[in-house]
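Student: Could you walk me through this model, one question at a time?

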Amino acid sequence: MSKAESEVLKSLIKILTSSKNPVDSLTPYTPLLTPTLLQSLVSSPSLSSHPSTLLSLHKLSLSLFPSLSSSPSFLLSLLPPLISRYKFSECKSLLLSFLSSDPQNTLFTSLVHHPSLSKPLLEISVSSYVQSGKPHLGLELFNLMKRLKKKPNLLTCNNLINGLVKFPSLHSIQLGKQVFHDSITLGVIPETSTFNILILGCCLEGKFNEAISFIEKMKDFGCFPDNVTYNTILAYLCKKGMLKEARDLLQDMKEKGLIPNRKTYNILVSGYCRIGWLKEASKIIDLMVQNDVLPDVWTYNMLINGLCGEGRIEEAVKLRDEMENLKVLPDVVTYNTLINGYFEWGCSEEGFRLVEEMREKGVEPIAVTHNILVKWYCKEGKMDEASERVRVMEESGLSPDKVTYNTLINGYCKAGKLAEAFRMMGVMLRKGFKMDTITLNTLLHTLCEERKLKKASELLITASKRGYLIDEVSYGTLIAGYFKVGNEDKAMKLWNEMKEKEIIPSIVTYNTIIGGLCQLGKTEQAIGKLNELLESGLVPAETTYNTIIHGYFKEGKVEKAFEFYNKMAKNSFKPDVFTCNILLSGLCREGMLEKALKLFDAWISKGKAIDGVTYNTMISSLCKEGRYEAAYHLVSEMKERNLGPDNYTYKAILDALTSAGRMKELEEVISKMVEAGKVHEQSLQSKEQNVKTSEILKESDPDSNACSVQIIELCNQGRYKDAMRIFRVSNEKGVALNKSTYIVLMEGLIKRRKGTTKSVQY
DNA sequence: CGATTGGGAT
């Protein structure tokens, strides 16, 4: 600093310390101010006892020299004097606004090397890092406090543990527990809330026994469980479908003298709805009314969702009307749930109608509403309409979110448009969304579909190293993939690996392994897994039972299949269309057509739902037996019920006629099909051929091949940037690449993510 | 600590 400058500094300090309106009196001198001067001013000891002046100077520098206020040293000269005047909340907002635009963590190193690192400064920094979504840096500061033998406040500890638990990255929950133990060692006295956070962590890891054991353990610290404690565990037990243990825990809660509140009841209602036990759910509602707790929008919404899950949409809509009468007004979630229900059960017109209706009733669609529509278009393979919907969504002022992008990526993958899927990943990243486990699992599934199991396994490992949370779905996807290619060993190995990692399989993952074993003709082993899941407290789903019944049929064990069917139907098993179709096709395959017909009639007279598959099963079998009259009768019946006929129906008839050599009838049927405009089979075949030939064309294009080979090679060498350069060039030239290339590029984007926490040196 | 949307199973 020049002599002149230090003179200016001196006079400015004088003005600032003697004036009543220090910063206003500075106005005439504003042109003289430089970043250096401002930095010197805020670091000047004479101003350290004037916190409001310091804060004003900070504001001033924000408008004059934005780059100065984003320098760590500037901020760190301000904080200690403010702290010494107890301006804690001001410090926190300064820190938070700084951290919100500090992606490179420039502050952190300066902070840990700061000469006057007081305890309050450390604590405020811990909380600020946690609040800005970087609990790991908060943890580093906590560990620094530990080394400096500074005892943190309970609030700081709770804050940090909470952050580690709720921003789950690899091992962060374990680290949260470590912080708890360290805090105890440092002499911190925990409160019930501390334990509630830890319990939430256990629940998120699926470690319910540990969660429950904390209820006893907290007493040693003079803490007692409250409603939050129990509601937390209940919520996660219900989420995982462990209703039996939830009921036991509710009992325990009551015995402890705690009074279940509305949330407690709603958690159970939602739990029963999720597993499809609607009767139990309404029993819970009776129970809550008995205890003078009235159902609210949440209760109704969950019940409506339960009904939708069972396909009982009309009843769900009735329930919405009932809400209106009871003045519990349906909200956007109610409508979203119903809209989703309609789409899920193939009533898209009603779905769209409801979107209009909600608007008329003054309920505005939100991102979720649009996402539901996008999902439906994706499921229908109408990707152009899906992206058109996203445009509409943006037009109405709503931004696509993670769910939107993941839905689109998955849609494009399923539609085989891998170039578009890759492009969407790029868009997602540009909009600031990191790819997550769901994106990863989508890609894993795509790899499995392509039978690239080795690549899928490799991706699982590298993604895990790059900090992705590998979950039960990731494993389930690979396990299903290995079963599909007949590699039972590898599938079982992954299952065991998953269990060793204490990743808790849900009913769906159990269904995967049960299905895999059944497919290999090992139904008895599958029963073993069924017992295992029961022991773990899970409730089998209809799929579980159906899969096993199917397994017995595959082994030709018809009696065993029915024995199992009857036994389970006495319990919680509610046979559905799938069950019906499995039984019918099983009987037919065993040549027991008469029994099948009997069952078919019995099923219909019970008023149970059947679908096109049911008809096709019977029609196919009747045709094979030469009973064409009966078959044609069913065809017209399915036509009446709007369940077909479809390509499978025609194929069944044509195949049977062909192999019976009844060419005359064959021609008749074909001409009837042409008449009815049903030339699907032929057109479909030629379409498939078109797709195939165009793919071959693409792949045999020398330009495309050369680029593909080059990109794959570069990606394998880890030279992703070079690969991208070639990709861009080929893209500009309009060269289409093959599937494998796009997959490799997508893997590259997944892997590009930063690894697990960088440990910072100080 | 509770409801709707995204990834895996018949």
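Below, a student and a tutor talk through the structure.

Tutor: Some ground rules: this is a predicted model, where local features need pLDDT of at least 70, side-chain atom pairs count only at pLDDT 80 or more, and totals for chains, interfaces and linings use all residues. Residues are numbered from 1 along each chain as its sequence is written, chains are lettered from A and ligands numbered from 1 in the order in which they are written, and side-chain values use heavy atoms, with hydrogens and water left out.

Student: How many residues surround DNA strand B?

Tutor: Here a residue is near a strand if one of its heavy atoms lies within 4 Å of it. The closest are Asn-266, Asn-406, Asn-441, Asp-471 and Thr-509. Counting the whole set around DNA strand B gives 51 residues.

Student: How does the surface near DNA strand B split by class?

Tutor: Ala, Val, Leu, Ile, Met, Phe, Trp, Tyr, Cys and Pro count as nonpolar, Asp, Glu, Lys and Arg as charged, and the others, Gly among them, as polar. On the strand's side, 42% of its atoms within 4 Å of the protein belong to sugar or phosphate and the rest to bases. On the protein's side, the surface has 13 nonpolar, 13 charged and 25 polar residues.

Student: Which side chain has a polar atom 2.5 Å from a base nitrogen of DNA strand B?

Tutor: A polar contact is a pair of N or O atoms within 3.5 Å; inside protein, one must be able to donate a hydrogen and the other to accept it, and residues adjacent in sequence count only if both atoms are side-chain atoms. Lys-414 puts a polar side-chain atom 2.7 Å from a phosphate oxygen of the strand, while an N or O atom in the side chain of Glu-472 is 2.6 Å from a base nitrogen. The 2.5 Å pair belongs to Asp-471.

Student: Which helix gives the most to the surface near DNA strand B?

Tutor: Helices are DSSP runs (H or I, at least four residues), and strands (E, at least two) are too, numbered from the N terminus. The top contributor covers residues 402–414 and supplies six residues. Asn-406 has its place there too, so look to helix α25.

Student: Is Asn-406 buried or exposed?

Tutor: Buried means under 20% relative accessible area, exposed over 50%, and partly exposed in between (1.4 Å probe, protein chains only). Contact means heavy atoms within 4.5 Å, and beyond four places in sequence Asn-406 touches Met-428, Asp-436, Ile-438 and Thr-439. At 8% relative accessibility, Asn-406 counts as buried.

Student: How many disulfides does a search of the whole structure find?

Tutor: A disulfide takes a pair of cysteine sulfur atoms within 2.5 Å. The search comes up with none; for Cys-273, the nearest cysteine sulfur, in Cys-308, is 10 Å away. Cys-413 can't bond either, because its sulfur is 11 Å from the closest one, in Cys-378. The count is zero.

Student: Within what arc do the buried residues of α14 fall?

Tutor: Those residues of helix α14 (residues 208–217) are Phe-208, Ala-211, Phe-214 and Ile-215. They line one face of the helix, because, going by directions from the helix axis to the C-beta atoms, they fall within an arc of 110°.

Student: What is the relative accessibility of Ile-233?

Tutor: Ile-233 is found in helix α15, and α15 (227–239) is included in what covers the buried residues of α14. Its contacts beyond four places in sequence include Phe-208, Ala-211 and Ile-215. Ile-233 counts as buried, at 0%.
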